[in-house]
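Please open the model in your viewer and keep the sequence panel beside it, since each stop on this tour begins with a selection and then says what is to be found there.

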Amino acid sequence: MSRRKFLKTAVLTGCAAMVTGVPLATYAIFPALKDNPGKWIDFGSVENLEPDNFKMLSYEFMVKDGWIILPQSGFVWARADAGEQIKIFSSTCTHLACNVIWQAETQEFICPCHSGRFDAQGQPIAGPPSRPLSILEHKVADGNLQIFMKV
Ligand code: FES
């Protein structure tokens, strides 16, 4: 093969690889790099919330993570105070991410993993947690409670 023919073949092969390879690589890699900020989940009528008591609201939805679609489930704690102010807490303990459980008798959230406790404002009052429970963004649309869930 002549030097001229070899260089011509190499340049054409390189160009072909660029034309097809870059879009294919972008198509394959981009979904894995895409940021997934979260989604609004509808929890039904806001009338279902109990005044001055936290209610467990369960959720389950599908999350696309790169090329994989996985179910995500859990629960949050919601309360409608007398002044119609709604408060939504994540159920995730700020120590090592176990789920906290509301105890109406003592007006505390209890974490069963390491006996962490939070008051009704989500502030840590005993055990290892040092940060308050996360407050979740929410809105009422057409009478329904919607909560923004990070995924
Ligand atoms: S995970 Fe909740 S106290 Fe440790």
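Select Asn 99 to begin: in this predicted model, its relative accessibility is 36%, and because values between 20% and 50% are classed as partly exposed, Asn 99 counts as partly exposed. Following the chain on either side of Asn 99 shows that this residue belongs to the loop between E4 and strand E5 (101-103). Now add Ala 16 to the selection and draw a C-alpha to C-alpha distance, which comes to 54 Å for a pair that is 83 residues apart in sequence.

For a view of the whole chain, colour the model by its domain assignment, which gives domain 1 (1-34) and domain 2 (39-149). If the centres of domain 1 and domain 2 are taken over C-alpha atoms, 50 Å separate them.

Move next to the start of the chain and select Met 1, which lies in the segment before helix H1 (3-33). With a relative accessible area of 75%, Met 1 is exposed, because the cut-off for that class is over 50%. Keep Met 1 selected and add Phe 6 and Leu 7, then switch on the surface: together these three residues make a nonpolar patch of about 380 Å².

The next stop is a sheet, for which a cartoon view is suitable. Select E2, E3 and E4, which form an open sheet of three strands in the order E2-E3-E4, with antiparallel pairing. At the edges are strand E2 (55-65) and strand E4 (86-90), each of which pairs on one side only. Ignoring direction, neighbouring strands of this sheet are turned against each other by 35 degrees on average.

Strands of a sheet pair through backbone hydrogen bonds, either parallel or antiparallel. To look at one such pairing here, restrict the selection to E2 and strand E3 (residues 68-80), which run antiparallel and are joined by eleven bridges. Which residue in E3 is the bridge partner of Lys 55? Selecting Ala 78 shows that partner of Lys 55, while Met 62 has Pro 71 as its bridge partner in E3.

Finish at the turn of this hairpin, where two residues stand between strands E2 and E3. Select Gly 66 there and inspect its backbone torsions, since Gly 66 takes a positive phi near 65 degrees.

Technical notes: Residues are numbered from 1 along each chain as its sequence is written. This is a predicted model: local features need pLDDT of at least 70, side-chain atom pairs count only at pLDDT 80 or more; totals for chains, interfaces and linings use all residues. Side-chain values use heavy atoms; hydrogens and water are left out. Patches are made of residues with over 30% relative accessible area and no salt bridge: like charges are joined within 9 Å, nonpolar side chains (Val, Leu, Ile, Met, Phe, Trp, Tyr) within 5 Å. Accessible areas come from the Shrake-Rupley method with a 1.4 Å probe; for residues, only the protein chains shown count as cover. A salt bridge is a side-chain nitrogen of Lys or Arg within 4 Å of a carboxyl oxygen of Asp or Glu. Helices (H or I, at least four residues) and strands (E, at least two) are DSSP runs, numbered from the N terminus. Buried means under 20% relative accessible area, exposed over 50%, partly exposed in between (1.4 Å probe, protein chains only). Two strands pair if DSSP finds at least two bridges between them. Axes are lines fitted to C-alpha atoms, for helices over the stretch in contact, and angles run from 0 to 180 degrees between N-to-C directions. Domain bounds come from an automatic or database domain assignment.
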